[in-house]
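Hi,

Here's the structure I promised to pass along. Have a look, and my notes are underneath.

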Amino acid sequence: MASGPANVRDICRARRADGPAAVLAIGTANPANRVLQDDFPDMYFRATKSEHLVGLKEKFKRLCQKLGVQKRYLHHTEELIRAHPEFLDPVQTPSLDERLDIAKTAVPELAARACRKAIAEWGRPATDVTHLVVTTNSGAHIPGVDARLVPLLGLRPAVRRTMLYLNGCFAGAAALRVAKDLAENNRGARVLVVCAELTVLLFTRPVEGDFMTLMNQALFGDGAGAAVVGADPVPAAAERPLFELVSTAQAIVPGTEDAISMRVTKGCYVGHIAAREVPALIGASVERCLRDALEPLGMGAQWNDLFWNVHPGSAAILDQVDAVLRLRPDKLAASRRVLSEYGNMFGVTVIFVLDELRRRMEEGEETPEWGVMLAFGPGLTVETMVLHRCVEGTG
Ligand SMILES: CC(C)(COP(=O)(O)OP(=O)(O)OC[C@H]1O[C@@H](n2cnc3c(N)ncnc32)[C@H](O)[C@@H]1OP(=O)(O)O)[C@@H](O)C(=O)NCCC(=O)NCCS
């Protein structure tokens, strides 16, 4: 008689990976349209036919200079705005459908460009990807960006897909957290993670007395970041771990549900940020989140001994984290550089910072072995991830 099935616990145990999940490769992409922050007020007020709002333009110029951004990439060009006059006043002329039509094609294409770079660096064929985790705030289509990426990248039709919509600026960290759990609980899994954002969903003309119309246009940028995540790298396949994802945590800061929010309206996405309060709210909660993440690992509060990947929501947010943790001036250099070169790309930004940290480590500018990723977004939510840098021959 045939023997019965194996013990369920044994089956589960055998399916788990031995080691921790690690980032094996990173890829990034931006639209071709590069915008210098110094030139942006002229372009924006011209494109929105708002040149007569002289005082508002001066205020916008001052705001543009305060955010820590020097350059951004935007899918929407002046030409595209001219072709869509309905985008200027989404209250009078609902234009969500037209924006979603743009996102439907442009988001998967941008995501695919970042994924191709990550897969090329990883060195294995796209058909070896077992799981796909995609996150975006830019659109909500069925089938989603995840399904569109399967033919675009030549993934297996049986790739197991997870789509995370509308997680705000913590989306990239949340996607990496999900990828870590998938990789550690499915022996041999190779998880392709990608986050892609286009701000055309938020585009509107500047409105007197509505600060968010200024903030949304001054701060955010478009981009995509991808990573291949897997446990137990295979040396024979030339897999090389960059960062181990050691532990993850997510926390909601009590009483802050209105601090960052977004509504999908028939006109466009309408974002709200309690802009002056958010840096202080993050500053007040960050140390607790870090202790909760690090103490179970036996690590203390020697913040300057770590490397840092802090979501650069704006310069004020980075300044606040710097001040609360008493960090040395160079500690947030990777976050500040990404903010300066690309703007706040929502959840994409932490993947760019990871790439920048890798570059800095390769060039000897960043030496710590252990580090932390911190991402913030609606909730207020704080995502915390403890990272361990892998050097050649370890990991
Ligand atoms: C908004 C922010 C740039 C203001 O910086 P600051 O150093 O406090 O600068 P100020 O107070 O001088 O504000 C700059 C201008 O914005 C205006 N402003 C700032 N917050 C405002 C608000 N909530 N409503 C109306 N106007 C506001 C100020 O009146 C000022 O205008 P002025 O130049 O005409 O005087 C800064 O607080 C910030 O970056 N906040 C966080 C942004 C954020 O949450 N990002 C996303 C997180 S994921």
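Below is what I found, starting with the ligand.

First, a caveat: this is a predicted model, so local features need pLDDT of at least 70, side-chain atom pairs count only at pLDDT 80 or more, and totals for chains, interfaces and linings use all residues. Residues are numbered from 1 along each chain as its sequence is written.

The ligand has 19 residues around it, where near means a C-beta atom, placed from the backbone, within 6 Å. Phe-211, Ala-275, Gly-313, Ser-314 and Ala-316 are the closest. By type, the shell holds 11 nonpolar, 4 polar and 4 charged residues (nonpolar is Ala, Val, Leu, Ile, Met, Phe, Trp, Tyr, Cys and Pro; charged is Asp, Glu, Lys and Arg; the others, Gly among them, are polar). H3 (54-66) gives the largest share, 4 residues. H9 (277-294), H10 (315-325) and strand E12 (370-377) each supply at least two. Helices (H or I, at least four residues) and strands (E, at least two) are DSSP runs, numbered from the N terminus.

Now the packing. The largest nonpolar core (buried Ala, Val, Leu, Ile, Met, Phe, Trp, Tyr and Cys joined through C-beta atoms within 7 Å; buried means 20 or more other C-beta atoms within 10 Å of a residue's own) has 113 residues. Helix H5 (96-122) gives the most to this core, 10 residues. Cys-115 is among those with the most contacts inside the core. Beyond neighbours within four places in sequence, Cys-115 is in contact (C-beta atoms, placed from the backbone, within 7 Å) with Gly-27, Leu-149, Leu-153, Leu-192, Val-194 and Ala-226.

Cheers

Methods. A residue is buried if 20 or more other C-beta atoms lie within 10 Å of its own, exposed if 12 or fewer, and partly exposed in between; C-beta atoms are placed from the backbone. Two residues are in contact if their C-beta atoms, placed from the backbone, lie within 7 Å.
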